[in-house]
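The following exercises are to be solved with the sequence and the three-dimensional model at hand. Each task is followed by a worked solution.

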Amino acid sequence: VVRKQRDAIITFFLFFSFLFRAVGSPLVMDPNSICRKTKRLAGKQAELCQTEPEIVHEVAKGARLGVRECQYQFRFRRWNCTSHNKYFGKILQQDIRETAFVYAITSAGVIHAVTQACSMGDLLQCGCEVTRTRAPPLPTAGPGADGSSWEWGGCGDDVEFGYEKSKQFMDAKRKKGKSDIRTLIDLHNNEAGRLAVRNYMRTECKCHGLSGSCTLRTCWKKMPHFREVGDRLLERFKGAFKVMGGNDGKTLIPVGHNIKPPDKQDLIYSAESPDFCLANRKTGSLGTWGRVCNTTSMDVSGCDLLCCGRGYTKQTVIFEENCLCRFHWCCVVQCKKCTVRKELSLCL
Ligand SMILES: *[C@@H]1O[C@H](CO)[C@@H](O)[C@H](O)[C@H]1NC(C)=O
Ligand SMILES: *[C@@H]1O[C@H](CO)[C@@H](O)[C@H](O)[C@H]1NC(C)=O
């Protein structure tokens with residue numbers, strides 16, 4: 001567990017420091033050290049550091065949330081969103097599908113974390129969504145469609161606040177020397193990530209009334225769970241659109257004929273991904289040697305695809321696991337340690 005935590009922290013730090021160097025985003029682990037480096041930050045971000053250090057803290061949390069989700073979504077793929085500093089940094093310098101996903105998921109993480117902090121009352125600048133000004137939805141469309149009356153209340157998520165903050169931070173201008181097309185692509189993918197949160201708000205309600213009669217309901221808006229956001233962005237990753245720059249250097253054109261143009265929620269890229277089979281510092285590929293593969297699966301996690309046709313070897317690993325857990329009133333869980341043998345297939 002300790003190792004896992006450390007890895008997450010390393011990932012986070014490296015990701016931040018990289019973006020710092022390469023992109024100019026405020027990605028360092030603790031807000032104090034982000035803000036000490038304000039000279040290297042783009043203007044708007046430096047300003048936020050001075051005026052809103054608590055938000056910087058949430059932005060940092062959000063980026064980490066995004067990277068963790070990236071690692072979950074890509075755990076069975078050749079490129080597994082590795083936290084290795086140099087390799088991860090290389091992915092971000094390219095313009096491939098994987099880059100698009102990382103930008104989108106980290107922007108989504110930031111809108112999610114900031115909005116969540118608002119709802120939890122952790123920030124002075126924001127709180128629950130102000131619903132007094134919100135028009136009640138049509139009775140036929142809302143949760144009160146069955147005729148029972150209902151009103152907005154509770155604590156809705158103020159996603160608009162998170163959206164604006166994510167935009168302020170993640171869309172800050174890059175340093176000079178980066179092509180306009182790349183900037184356009186990154187900004188598009190940042191927005192796609194934010195929309196994967198903002199466009200999928202759900203309504204939660206609570207019943208009031210005698211003995212659960214539900215004569216009145218109070219309803220509020222909640223963000224989607226972040227796992228759901230990750231799942232959705234993975235689908236966009238699979239269907240990502242290839243684009244190229246137009247002659248004016250300001251527009252993006254889909255590549256290939258008869259392809260509908262990407263919409264705002266689609267991920268876009270301009271260069272083909274490497275195959276990620278072998279280690280290569282230039283492309284940010286760690287290779288798949290030693291990765292655990294699945295002998296019966298036909299998809300990307302299967303040994304054929306994951307090991308790039310090189311084959312695999314079987315290895316028996318022995319590890320300890322909690323087992324025979326018993327719940328003692330109240331509230332302790334006691335487990336025994338069991339030794340488990342497991343046969344793993346590892347890529348050659
Ligand atoms: C990702 O892949 C690298 C190298 O291929 C491996 O060392 C690492 O353990 C993998 N990470 C996870 C979480 O599977
Ligand atoms: C391997 O793949 C099969 C078929 O897709 C799946 O049912 C099984 O759960 C996978 N095993 C592991 C350990 O992921």
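**Exercise 1: Two open sheets**

In this predicted model, strand β4 (residues 241-245) and β5 run antiparallel and are joined by three bridges.

Task: Determine which residue of β5 stands opposite Val243, and establish the strand order of the sheet.

Solution. Step 1: Opposite Val243 stands Pro254 in β5. Step 2: The open sheet has three strands in the order β5-β4-β6, and its pairing is mixed. Step 3: The edges are held by β5 (252-254) and β6 (268-269); each has a single partner strand, so one side of each is left without a neighbour in the sheet.

Task: Carry out a similar analysis for the sheet that contains β1, β2 and β3.

Solution. Step 1: These three strands form an open sheet with mixed pairing, in the order β1-β3-β2. Step 2: β1 (149-152) and β2 (202-208) each have a single partner strand, so they stand at the edges and one side of each lacks a neighbour in the sheet. Step 3: With direction ignored, neighbouring strands of this sheet are turned against each other by 30° on average. Step 4: β2 and strand β3 (residues 216-222) run antiparallel and are joined by seven bridges. Step 5: Lys222 in β3 has Arg202 opposite to it.

**Exercise 2: The span of a helix**

Task: Decide what span is expected for helix α4 (residues 53-73), and compare it with the distance between its end C-alpha atoms.

Solution. Step 1: The helix has 21 residues, and at 1.5 Å a residue it should span 30 Å. Step 2: The end C-alpha atoms of α4 are 31 Å apart, which agrees with the expected span. Step 3: As to its surroundings, α4 is mostly covered, since 15 of its 21 residues are buried.

**Exercise 3: A loop residue**

Task: Is Thr283 buried, exposed or partly exposed?

Solution. Step 1: Thr283 belongs to the loop between β7 (279-280) and β8 (285-286). Step 2: There are 17 other C-beta atoms within 10 Å, so Thr283 is partly exposed; 20 or more would make a residue buried, and 12 or fewer exposed. Step 3: Leaving aside residues up to four places away in sequence, Thr283 touches Lys90 and Pro274. Step 4: The C-alpha atoms of Thr283 and Gln93 are separated by 9.3 Å, although these residues are 190 residues apart along the chain.

**Exercise 4: The surroundings of a ligand**

Task: Which residues surround ligand 1, and how many of them are nonpolar, polar and charged?

Solution. Step 1: The surrounding residues are Gln71, Arg75, Asn80, Thr82, Leu286, Gly287, Thr288 and Arg291. Step 2: This shell around ligand 1 comprises one nonpolar, five polar and two charged residues.

How values were computed:
Residues are numbered from 1 along each chain as its sequence is written. Chains are lettered from A and ligands numbered from 1 in the order in which they are written. This is a predicted model: local features need pLDDT of at least 70, side-chain atom pairs count only at pLDDT 80 or more; totals for chains, interfaces and linings use all residues. A residue is near a molecule or strand if its C-beta atom, placed from the backbone, lies within 6 Å of it. Ala, Val, Leu, Ile, Met, Phe, Trp, Tyr, Cys and Pro count as nonpolar, Asp, Glu, Lys and Arg as charged, and the others, Gly among them, as polar. Helices (H or I, at least four residues) and strands (E, at least two) are DSSP runs, numbered from the N terminus. The expected span of a helix is 1.5 Å times one less than its number of residues. Two residues are in contact if their C-beta atoms, placed from the backbone, lie within 7 Å. Two strands pair if DSSP finds at least two bridges between them. Axes are lines fitted to C-alpha atoms, for helices over the stretch in contact, and angles run from 0 to 180 degrees between N-to-C directions.
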